[in-house]
Amino acid sequence: MKKINKTIYSFVLADTMRLFKKNKILLHNIEFITLLGSVRKKEYVPNYSDLDLLLIIKSDNAGAIRKRVLIEIRSICAVLSQKYPVKISFLTHTAKDFLGYVEYEYLYHYSLGEVLYGNKNSFLKFFRDILSKKKPSRNELERQMYNAIAHARFNLVRKYVCINKFNTKVYLREILKLFIDNLLEISDWRLIADGIWCRSKKEIVQKISEESNSPFKLVVKKSYEYRKRWNDKPVSIKELKQFFLESIGFINDCVRDLEKRT
């Protein structure tokens, strides 16, 4: 893929909102559009970061979204993908989803989004009400984070042992991104289990350095640095292999620690 620079994200975002606002079907069926993720926090890295947008869509009583609405959103994503070398991630949720299966941790992070469409005060009230209804006890939160980390470990390990040079192009780079993303997310969950809620990746790294007792905790800082250096000189194979092993060690420590509590 052709290398891109940081300025392109603002163009993609502006074009995305232009396409949504000119589509009458979507304007009548979407309650809020908010900006999430690393673009929101100015931590995005060209050729690495996605553009994450939360779409809160109207639904019927069962939580089903009109097929025509999904077709229109899909069409906009296709137009943008053809024009720009940036991966677009539309998080298509309904209010029914939030009251049902979406975990508290995700709801909290969603509530921090920058409102691009819809009334900001209504958006804040919407999430304030839902968060108050779904706030778990400390023990419940620890159990949720344990389950999340254990499941993330399973997904990471199954991909790590299966991705190789015979079935995946630039496989080491793909595995590296997989580990970076998982380490930062798992670190966030590890902190949440201790009642520490971070608002950026940089804050996650800082807090893990202060809070974690794992002998492998420095690998989280290393993952953040690899992410920042994504467009620089590639990491050596020897360094990558060491990073993967240290990462698995850190994740296993997180699982063991939370398993003792739950």
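Axes are lines fitted to C-alpha atoms, for helices over the stretch in contact, and the angle between two of them runs from 0 to 180 degrees between N-to-C directions. With that in mind, we can walk through this structure, which is a predicted model, beginning with two of its helices.

Helix α9, made of residues 171-192, packs with helix α10, made of residues 201-211, at an angle of about 60 degrees, and their axes are 10 Å apart. Angles under 35 degrees count as roughly parallel and those from 65 to 115 as roughly perpendicular, so α9 is described as oblique to α10. The crossing in which α9 passes α10 is left-handed. On the α9 side, Leu184, Ser187, Asp188, Arg190 and Leu191 take part in the contact, and they meet Lys201, Ile204, Val205, Lys207, Ile208 and Glu211 of α10. Sorted by class, this contact has 5 nonpolar, 1 polar and 5 charged residues.

We turn next to the sheet, which is open and has 4 strands in the order β3-β2-β1-β4, with mixed pairing. Because β3 (88-93) and β4 (114-117) stand at the edges and each has a single partner strand, one side of each is left without a neighbour in the sheet. On average, neighbouring strands of this sheet are turned by 30 degrees against each other, direction ignored. Strand β2, residues 51-57, runs parallel to β3 and is joined to β3 by 6 bridges, and Asp52 stands opposite Ser89 in β3.

Helices also accompany this sheet. Helix α1 (residues 7-21) packs on the sheet and touches β1 (30-36), β2, β3 and β4, while its direction makes about 20 degrees with that of β2. Helix α4 (residues 67-83) lies across β2 and β3, and α4 runs at about 165 degrees to β3.

Definitions and conventions. Residues are numbered from 1 along each chain as its sequence is written. This is a predicted model: local features need pLDDT of at least 70, side-chain atom pairs count only at pLDDT 80 or more; totals for chains, interfaces and linings use all residues. Side-chain values use heavy atoms; hydrogens and water are left out. Two strands pair if DSSP finds at least two bridges between them. Helices (H or I, at least four residues) and strands (E, at least two) are DSSP runs, numbered from the N terminus. Contact means heavy atoms within 4.5 Å. Angles under 35 degrees count as roughly parallel, over 145 as roughly antiparallel, 65 to 115 as roughly perpendicular and the rest as oblique. A crossing is left-handed if the near helix is turned anticlockwise from the far one by less than a right angle, and right-handed if clockwise. Ala, Val, Leu, Ile, Met, Phe, Trp, Tyr, Cys and Pro count as nonpolar, Asp, Glu, Lys and Arg as charged, and the others, Gly among them, as polar.
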